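Me: I'd like to go through this one term by term and hear what each label rests on. Can you show me the chain?

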Amino acid sequence: MTDTAASLPLPPGVTLGTDHGAEAVLVDLPVATAVLHLNGAHLTSWVPAGSSDLLWLSPTSAFGDSAAIRGGIPLVAPWFGPGRRSDQEVKHGWVRNVRWDLMAAEADGDEVLLRLASPASRTELSAQLEVRIGSELALDLTITAGEAPLEVEAALHTYLAVSDVRQIRIQGLGGAGYLDNTRGLAADVLPEGDLTLEGPTDRIVDRAQEVRILDPGAGRTIVSAPRGTARTVVWNPWTDLVTGMADIPDEAWPEFVCIEPAVAKEAAVALGDGDSLSLGVTYRLES
């Protein structure tokens with residue numbers, strides 16, 4: 001455990017421990033439980049009282065130093081995918097592959113607020129993450145440029161657990177334009193009304209508002225309320241792509257959908273010395 005984390009006063013219900021053999025912050029409150037890995041500042045579980053986990057986590061994921069955990073909420077930055085010019089070797093940036101420092105853990109009523117910071121050894125940017133854990137879940141990521149100008153893409157690459165991705169309906173995106181990454185970023189427009197998925201999906205949708213995922217099989221609706229974002233990414237590999245992914249079992253693709261608040265592609269933000277970009281999201285579950 002890092003010296004900073006080990007010396008912090010922790011409120012009731014918050015402990016430092018391990019999950020899948022890796023160091024993590026463990027939260028156990030009357031209103032919710034959660035697990036946040038220090039590697040990547042990666043939230044892998046949030047279970048509000050009386051419900052099942054919001055997040056899907058692959059049973060074959062890697063964990064620990066430099067591992068990119070498959071599932072939960074990976075932090076994507078400072079580029080999305082291979083970058084705007086498709087020249088980045090590390091997909092989705094480096095912030096999810098480094099160890100973060102736990103800077104604070106505070107009780108706030110029946111909730112807990114965790115604050116984390118990216119390692120000081122990375123000077124091209126600094127990043128801070130705030131995670132509020134309670135009957136709702138909120139994450140806010142702030143990226144601040146170093147001395148050199150920086151073009152930033154970022155996303156909260158959330159894997160939402162669903163009963164069957166083929167049976168869900170997604171509300172809030174109808175009629176929006178999008179780039180289809182399964183067709184070389186071809187431009188298209190979503191039909192009006194609810195979105196259903198019928199095959200491999202990788203869409204960067206020109207919409208940044210509340211999205212509702214209706215899951216009749218689970219008897220719940222997931223509500224995603226973003227802030228500071230410009231796009232919503234919708235992704236599922238389906239049978240076509242999952243066979244090439246070693247960290248997702250071939251039969252597991254119906255168990256999740258990624259609905260990602262994002263600042264990506266032509267919505268990338270140019271930051272000067274000390275300029276910041278912030279994006280966030282709040283999740284809640286409705287019966």
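**What the labels rest on**

Reply: Let's start with the lining of the largest pocket: by class, 11 nonpolar, 5 polar and 7 charged residues. Bear in mind that this is a predicted model.

Me: What is the volume of the largest pocket, and which residues are the closest to its centre?

Reply: The volume comes to about 410 Å³. Of the 23 lining residues, Lys91, His92, His157, Asp202 and Trp235 are the closest to the centre. As for strands, β16 (201-205) and β19 (231-236) each supply at least two residues of that lining.

Me: What makes Pro78 and Glu124 lining residues of the second largest pocket?

Reply: A lining residue has an atom within 4 Å of a pocket point. Pro78 and Glu124 are listed in that lining, together with Trp79, Gly83, Arg84, Arg85, Asp87, Gln88, Trp94, Leu150, Glu151 and Glu153. This pocket has a volume of about 180 Å³.

Me: How do the residues of that second lining divide by class?

Reply: They split into 4 nonpolar, 2 polar and 6 charged. Gly83 is in the lining, and Gly counts as polar under the scheme used here.

Me: Now the sheet of 8 strands. What is the strand order, and which strands stand at the edges?

Reply: The order is β6-β7-β8-β9-β22-β18-β17-β13, in an open sheet with antiparallel pairing. β6 (101-108) and β13 (169-171) are the edge strands, because each has a single partner strand, which leaves one side of each without a neighbour in the sheet. From one strand to the next, the twist averages 15°.

Me: How do you know that β13 and β17 are paired?

Reply: Pairing takes at least two bridges between two strands. β13 and β17 (residues 211-215) have 3 bridges in the antiparallel sense, so they pass that cut-off. Within this part of the sheet, Ile170 stands opposite Ile213 in β17.

Me: Why does the radius of gyration agree with a compact globule?

Reply: A compact globule of 287 residues would have a radius of gyration near 19 Å, and the chain has 18 Å, so the two agree. Along the principal axes, the C-alpha trace spans about 50 × 50 × 35 Å.

Me: And what share of the chain is buried?

Reply: Buried residues make up 56% of the 287, where buried means under 20% relative accessible area.

Me: Last one: how many helices and strands are there in the chain?

Reply: There are 2 helices and 22 strands.

Terms used:
Residues are numbered from 1 along each chain as its sequence is written. This is a predicted model: local features need pLDDT of at least 70, side-chain atom pairs count only at pLDDT 80 or more; totals for chains, interfaces and linings use all residues. Side-chain values use heavy atoms; hydrogens and water are left out. Helices (H or I, at least four residues) and strands (E, at least two) are DSSP runs, numbered from the N terminus. Axes are lines fitted to C-alpha atoms, for helices over the stretch in contact, and angles run from 0 to 180 degrees between N-to-C directions. On a 1 Å grid over the protein atoms alone, a cavity is a set of points where a 1.4 Å probe fits but cannot get out, and a pocket is an open set with protein on both sides within 12 Å along at least five of seven lines; lining residues have an atom within 4 Å of a point. Grid points are joined across faces, edges and corners, and a volume is the space filled by probe spheres set on the points. The radius of gyration is taken over C-alpha atoms; the globule rule is 2.2 Å times the number of residues to the power 0.38. Buried means under 20% relative accessible area, exposed over 50%, partly exposed in between (1.4 Å probe, protein chains only).
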